[in-house]
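Reader: Hi! I have a new model open and would like to talk it through with you. Could you pull it up on your side too?

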Amino acid sequence: MTVTFRPIRSDDEVFLSQVYASTRLDELAVTDWNDAQKAAFLQMQFVAQHKFYQENYTDTDFLVVLQDNTPIGRLYVARWKDEIRIVDIALLPLYRGSGAGTTILQGLLAEADAVGKPVRIHVERNNPALRLYQRLGFVMIEDKGVYLFMERRPTVKTESVEQER
């Protein structure tokens, strides 16, 4: 599987809105709203979130995730002095469980290990990807109610006994 990235562009807004909406479908399924009400709510929420991220995460890479040059999701990642923060990661439903998320996260973890930084992320308690984060070594460092603030510490590479002698 080839997963690549490119910076988001203004013409990605419809796609990014679709990715966002796909993360909220289960939540909205239990409402008695009609499709037009759901669509209006999702668009309003997407616009607010997108604006917030753009204004408050100025040193962040806002990326479209591509699989074989097809847009499949989004990855927003900040590389701060003391950590790598996954601001947001989301894949379209068709690509969830395909290994793309694992590939993306393993790349970020390898980068973090190379520079000796933890990777941190806020994860909703009911997010099915929570198991993936735990499998990759993320642990909860703070319970924030709806969200868990999770961290994966960098793997420390130790020298062999022979090299120490």
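Author: Sure, happy to. Let me start with helix H1: its buried residues are covered by elements that include H2, H3, S2, S3 and S4. Keep in mind that this is a predicted model.

Reader: Nice place to start. How many residues of H1 are buried?

Author: H1 covers residues 13-22, and 7 of those 10 residues are buried, so the helix is mostly covered.

Reader: Which ones are they?

Author: The buried residues in H1 are Phe15, Leu16, Ser17, Val19, Tyr20, Ala21 and Ser22.

Reader: Good, thanks. Stepping back, how many helices and strands does the protein have?

Author: There are 6 helices and 7 strands. Starting at the N terminus, the order is β-α-α-α-β-β-β-α-β-α-β-β-α.

Reader: And what box do the C-alpha atoms fill?

Author: Along the principal axes, the box is roughly 70 × 35 × 30 Å. The protein has 165 residues, and 44% of them count as buried.

Reader: What about the surface, how much of it belongs to carbon and sulfur?

Author: Carbon and sulfur atoms hold 51% of an accessible surface of about 10000 Å².

Reader: I'm thinking about electrostatics too. How far apart are the mean positions of the positive and negative charges?

Author: They are 2 Å apart, with 20 positive and 23 negative charges counted.

Reader: And what share of the contacts comes from residues 24 or more positions apart?

Author: Among contacts with a separation of 6 or more, such pairs account for 57%.

Reader: Let's move to the strands. Why is S3 described as largely enclosed?

Author: Strand S3 spans residues 70-79, and 7 of its 10 residues are buried, so the rest of the structure largely encloses it.

Reader: Which strands does S3 pair with?

Author: S2, at residues 60-67, runs antiparallel to S3 and is joined to it by 8 bridges. S4, at residues 84-91, is also antiparallel to S3, with 7 bridges between them.

Reader: Can you give me a residue pair for each, so I can click on them?

Author: For S2 and S3, try Val65, whose bridge partner is Gly73. For S3 and S4, look at Val77, which stands opposite Ile86.

Reader: Found them. How many residues sit between the strands in each hairpin?

Author: The hairpin of S2 and S3 has 2 residues between the strands, and the hairpin of S3 and S4 has 4.

Reader: I'm curious about the loop between S2 and S3. What is the phi of Asp68 there?

Author: Asp68 has a positive phi of about 50°, although it is not a glycine. Asn69 is in that loop as well, and its phi is near 70°, again a positive value in a residue other than glycine.

Reader: Are those two buried or exposed?

Author: Asp68 counts as exposed because its relative accessibility is 52%, where exposed means over 50%. Asn69 is exposed too, at 67%.

Reader: Makes sense. Now Thr60 in strand S2, is that buried or exposed?

Author: Thr60 is buried, because its relative accessibility is 10% and the cut-off for buried is under 20%.

Reader: What is Thr60 in contact with?

Author: Leaving aside neighbours within four places in sequence, Thr60 contacts Tyr76, Val77, Ala78 and Val87. In addition, a polar atom of the Thr60 side chain lies 3.1 Å from the backbone oxygen of Tyr57.

Reader: Helpful. Switching to helix H3, what does Gln54 touch?

Author: With neighbours within four places set aside, Gln54 is in contact with Ile8 and Phe62. Gln54 lies in H3 and is partly exposed, with a relative accessible area of 33%.

Reader: One last spot: where is Asp32?

Author: Asp32 is in the loop between helix H2 (25-29) and helix H3 (35-56). It is exposed, with a relative accessible area of 74%.

Reader: And how far is Asp32 from Pro7?

Author: They are 25 residues apart in sequence, and their C-alpha atoms are 37 Å apart in space.

Reader: Great, that gives me plenty to look at. Thanks!

Author: Any time!

Notes:
Residues numbered from 1 in each chain as written. Predicted model: local features only at pLDDT ≥ 70, side-chain atom pairs only at ≥ 80, totals over all residues. Heavy atoms only, no water. Buried < 20%, exposed > 50% of the residue type's maximum accessible area, 1.4 Å probe, protein only. Contact = heavy atoms within 4.5 Å. Areas by Shrake-Rupley, 256 points an atom, 1.4 Å probe, with all protein chains shown as cover. Lys, Arg positive; Asp, Glu negative; His and termini not counted. Charge placed at Lys NZ, Arg CZ, Asp CG, Glu CD. Pairing = 2+ DSSP bridges. Polar contact = N/O pair within 3.5 Å; in protein donor to acceptor, adjacent residues only side chain to side chain.
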